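Here are a few notes to go with your first look at this one. Have the viewer open as you read.

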Amino acid sequence: MSGMLLVPVQPASAHPQCLDFEPPFKPSWHLEFCTQYEQFGCCDQRTDNTIAERYWDIIDQLETAGHELCADMLKEIMCQECSPYAAHLYDAEDPYTPVRELPGLCFAYCTEFHLKCRHVVKYLTENQQLQDTSERDASTFCSLVDLSDRDYCYPNVLKSPDLNSNLGRVAEDPRGCLQVCLTEVANNLRNPVLMLHSGDGTHRMFIAEQVGFVWVHLHDGSRLEQPFLDMSGEVMTTPWLGDERGFLGMAFHPEYRDNGRFFVYYSIQVNSELEKVRVSEMKVSAHDMNVADPYSERIILEIVEPAANHNGGQLLFGLDGCLYIFTGDGGKAGDPFGKYGNAQNKSALLGKVLRIDVDGSDSSGKQYRIPTDNPFLRDPEARPEVFAYGVRNMWRCSVDRGDPVSRYGRGRIFCGDVGQNRYEEIDIIVKGGNYGWRAKEGFECFDIKLCHNSSLDDILPIFAYSHHVGKSVTGGYVYRGCESPNLNGLYIFGDFMSGRIMALEEEKSTGTWKERSLCMGETKTCSFPGLINHHHKFIISFAEDEAGELYFLATAYPSATSPYGTVFKFMDPSRRAPPGKCKQKPLPVKVRGKKVPFVPRELTVLDTNEKPTRPPPRKFKLTTKPTVTRSQVTPTATAASEATTSAAVRPKWKSLDKKARKTNKLQPWKKNKVLKKQPANVQTKKNTVRPKPKEQSKKTAVMTPFRDKVKPTTNQTAKADFKSNALKKINSLKHGTIHKRKVPPKAAQKPVGHKKNSINFRESAKQYHSFMNKTKTNLNVKTNRTMQNKLQVKGKQAKKAL
């Protein structure tokens with residue numbers, strides 16, 4: 001990546017993009033046809049099969065018409081739909097370029113293509129202008145096919161070091177900052193302090209506002225009109241700018257799907273004077289899975305707050321099933337409470353990480369039990385709930401899911417601890433750990449006397465930054481999602497005051513962490529529909545959904561009553577997961593009330609209504625049939641013999657029933673695959689002789705088990721009908737890439753003035769029989785008696801069909 005820093009940013013800077021307006025990906029399976037893009041590109045195995053099928057259909061027509069096959073160049077051009085720069089090659093990266101149905105070809109390559117293969121153009125496109133100019137001189141045709149940006153035309157796009165040196169990695173700006181983009185997920189929220197999922201398979205997200213409301217957001221993006229929880233009457237909060245009191249934390253029990261239990265952490269005021277933070281247990285309603293039971297609250301713990309700030313507020317369940325509670329040091333500056341402050345005093349509950357077992361109660365009347373392995377359980381000068389101490393005001397902690405494959409890091413708890421006036425820090429919580437406050441702030445001493453105490457034995461943060469970067473850390477998550485593979489393993493967090501988003505990457509061999517700056521992608525980087533490259537300044541919290549995708553919550557005005565809060569989702573524009581890999585199947589959610597549809601407000605880089613300028617492919621239904629191999633070709637076979645025999649013996653495939661289609665679903669292609677024997681009642685296609693492309697000279701050419709149904713004809717025009725039908729099939733498959741976008745009306749698909757390719761053959765029966773006799777005399781019949789019998793039988797079948 002360091003090489004990129006030496007290259008000035010140019011208009012032709014790398015921006016990989018597919019024809020479906022999404023980033024490229026590494027296919028899950030081997031690509032049999034467009035093998036040059038099997039490491040990174042825009043085709044999965046299904047799309048590769050579709051392109052291969054179209055390719056062989058065109059080869060069929062070229063053989064039938066007696067044309068030069070141009071197999072290599074035809075394959076190269078068709079496979080550019082799989083290029084990671086396919087959108088650029090087809091001028092489909094923005095809505096302002098003309099429609100292009102052939103990829104942009106560099107002039108020298110195009111000239112060679114025009115010389116050898118101009119007769120192929122009519123099989124690749126319906127564009128009448130392209131077809132007409134292909135019959136003229138090379139200069140006219142190639143000026144139409146060329147791209148204005150020569151870096152992106154084929155094959156130059158493969159040779160540019162600027163476009164290929166870091167292909168698929170997170171893009172960096174000139175300063176080395178990793179560029180990410182965002183999507184807007186929710187808005188119109190009043191200081192959204194947290195967002196979490198219930199872990200019950202529904203993929204619902206619960207977003208809590210500081211004033212005490214918790215809203216349910218469904219997987220389809222809509223919000224339920226009735227709140228899940230309304231604690232606004234109990235929660236103490238004010239409209240003052242930056243007030244830290246209010247509804248602060250929430251956690252669902254690991255067995256929430258079965259027991260419906262969840263826990264909340266909020267500020268309260270007693271008798272209009274005494275302020276406390278309260279941790280309570282509540283339950284979901286027995287009648288509505290989207291509403292909490294307001295009468296189910298059971299108070300677990302209350303702690304007196306001596307000041308209005310540093311209220312902590314994080315609740316989470318560890319992998320051990322225990323509830324972790326993160327409290328602030330009580331407020332004011334420098335933790336002035338007592339000789340050592342609350343944070344260093346293990347007999348106080350403030351400035352701590354507490355761990356309790358909420359699945360029972362003890363004999364003293366507490367609504368929880370103390371885990372038997374809590375570190376200070378037998379220390380008479382410590383509260384048994386204390387798990388770790390010496391924290392100032394930890395704001396937002398998370399549990400690492402671990403690497404999706406190796407599970408490395410699973411269960412680690414990361415926290416952001418807000419500093420005093422010099423440093424902000426990130427910590428990994430360990431049992432019995434002392435995190436230094438108020439003796440230390442970050443890596444530096446804060447209280448000199450306490451700092452030099454030999455018994456301090458504090459745990460240093462994994463990262464700290466000074467106040468010229470930001471002044472109030474907001475802890476985040478280690479990304480373990482599916483959709484953005486490049487971000488896996490990065491701990492992503494931010495700063496409330498500066499609005500800066502940062503990332504840490506672990507050096508596993510040493511256990512150290514280094515900073516990786518994260519920034520919003522440039523306009524060109526985020527030029528995908530629905531993406532934005534800006535966010536509100538005040539970053540309140542980070543969140544993770546049930547699938548592990550990462551979000552953050554921010555507001556433009558940090559007041560508990562200001563409806564400017566928005567939820568943003570991270571997205572890497574350089575690489576995505578293969579299509580279908582991250583597909584979720586949420587459990588059904590029974591909705592009793594109304595749903596409020598999500599209406600985005602943020603300005604996207606591209607208008608949400610803008611679509612690729614290249615028309616989307618026509619939808620066609622492929623029918624499953626037994627696999628057929630293509631035999632190797634002998635040079636002596638003529639195109640005429642191919643036409644006469646294949647017309648008669650082309651199999652008629654019957655649509656499989658629903659059960660059969662399910663069992664015969666598309667499987668990945670494999671090299672040297674052993675094919676099953678065909679059923680006896682199914683006609684197999686003639687083993688035709690066809691030259692193989694150079695790339696596949698050492699392989700057995702494989703054809704996918706998909707063909708369109710061909711209806712038999714009984715009149716004298718059978719040969720003409722076969723050719724016409726074959727051409728129509730090619731035209732219907734000309735846009736073979738798979739897009740997720742809806743197909744526009746037919747009128748929009750067909751450019752004005754374009755005519756569909758068709759060939760009309762009017763031959764009399766006499767001409768046809770003469771043609772057949774001539775073909776037979778020219779056949780280079782082998783000595784093999786079996787082959788002679790087959791040719792005679794199939795010749796009779798052809799006559800009989802006509």
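The points below cover confidence, two helix pairs, a covered helix and one leucine.

1. Start with how far to trust it. This is a predicted model, and the chain averages a pLDDT of 81, with 73% of the residues scoring at least 70. Two stretches fall below 50: residues 1-12, which have 21 contacts in the model beyond near neighbours in sequence, and residues 616-802, which have 263 contacts counted that way.

2. Next, take a look at helix H2, residues 71-78. H2 is mostly covered, and seven of its eight residues are buried. Those buried residues are Ala71, Asp72, Met73, Leu74, Lys75, Ile77 and Met78. And what covers them? Helix H1 (45-65), H4 and helix H5 (121-124) are among the elements that do.

3. The pairing of H1 with H2 deserves its own point. Their axes sit 11 Å apart and the helices pack at an angle of about 145 degrees, in a right-handed crossing. From H1, the contact uses Ile51, Arg54, Tyr55, Ile58 and Ile59; from H2, it uses Ala71, Leu74, Lys75 and Met78. Sorted by class, that gives seven nonpolar residues, two charged ones and no polar ones. Several names will be familiar from the previous point: Ala71, Leu74, Lys75 and Met78 of H2 are buried as well.

4. Now move along to H4 (residues 107-117), which also helps cover the buried residues of H2. H4 packs with helix H7 (residues 138-145) at an angle of about 130 degrees, the axes being 9 Å apart. The two are therefore oblique to each other, and their crossing is right-handed.

5. Which residues of H4 and H7 meet? On the H4 side they are Phe107, Cys110, Thr111, Phe113 and His114, while H7 brings Ala138, Ser139, Phe141, Cys142, Ser143 and Val145. By class, the contact of H4 with H7 has seven nonpolar and four polar residues, with no charged ones. The contact of H1 with H2, by contrast, has two charged residues and no polar ones.

6. Last, find leucine 163 in helix H9, residues 161-164. Is leucine 163 buried or exposed? Its relative accessible area is 2%, so leucine 163 is buried. Where alanine 14 is concerned, sequence and space tell two stories: leucine 163 and alanine 14 are 149 residues apart along the chain, yet their C-alpha atoms are separated by 4.9 Å.

Key:
Residues are numbered from 1 along each chain as its sequence is written. This is a predicted model: local features need pLDDT of at least 70, side-chain atom pairs count only at pLDDT 80 or more; totals for chains, interfaces and linings use all residues. Side-chain values use heavy atoms; hydrogens and water are left out. Axes are lines fitted to C-alpha atoms, for helices over the stretch in contact, and angles run from 0 to 180 degrees between N-to-C directions. Helices (H or I, at least four residues) and strands (E, at least two) are DSSP runs, numbered from the N terminus. Angles under 35 degrees count as roughly parallel, over 145 as roughly antiparallel, 65 to 115 as roughly perpendicular and the rest as oblique. A crossing is left-handed if the near helix is turned anticlockwise from the far one by less than a right angle, and right-handed if clockwise. Contact means heavy atoms within 4.5 Å. Ala, Val, Leu, Ile, Met, Phe, Trp, Tyr, Cys and Pro count as nonpolar, Asp, Glu, Lys and Arg as charged, and the others, Gly among them, as polar. pLDDT is the predictor's confidence in each residue, from 0 to 100. Buried means under 20% relative accessible area, exposed over 50%, partly exposed in between (1.4 Å probe, protein chains only).
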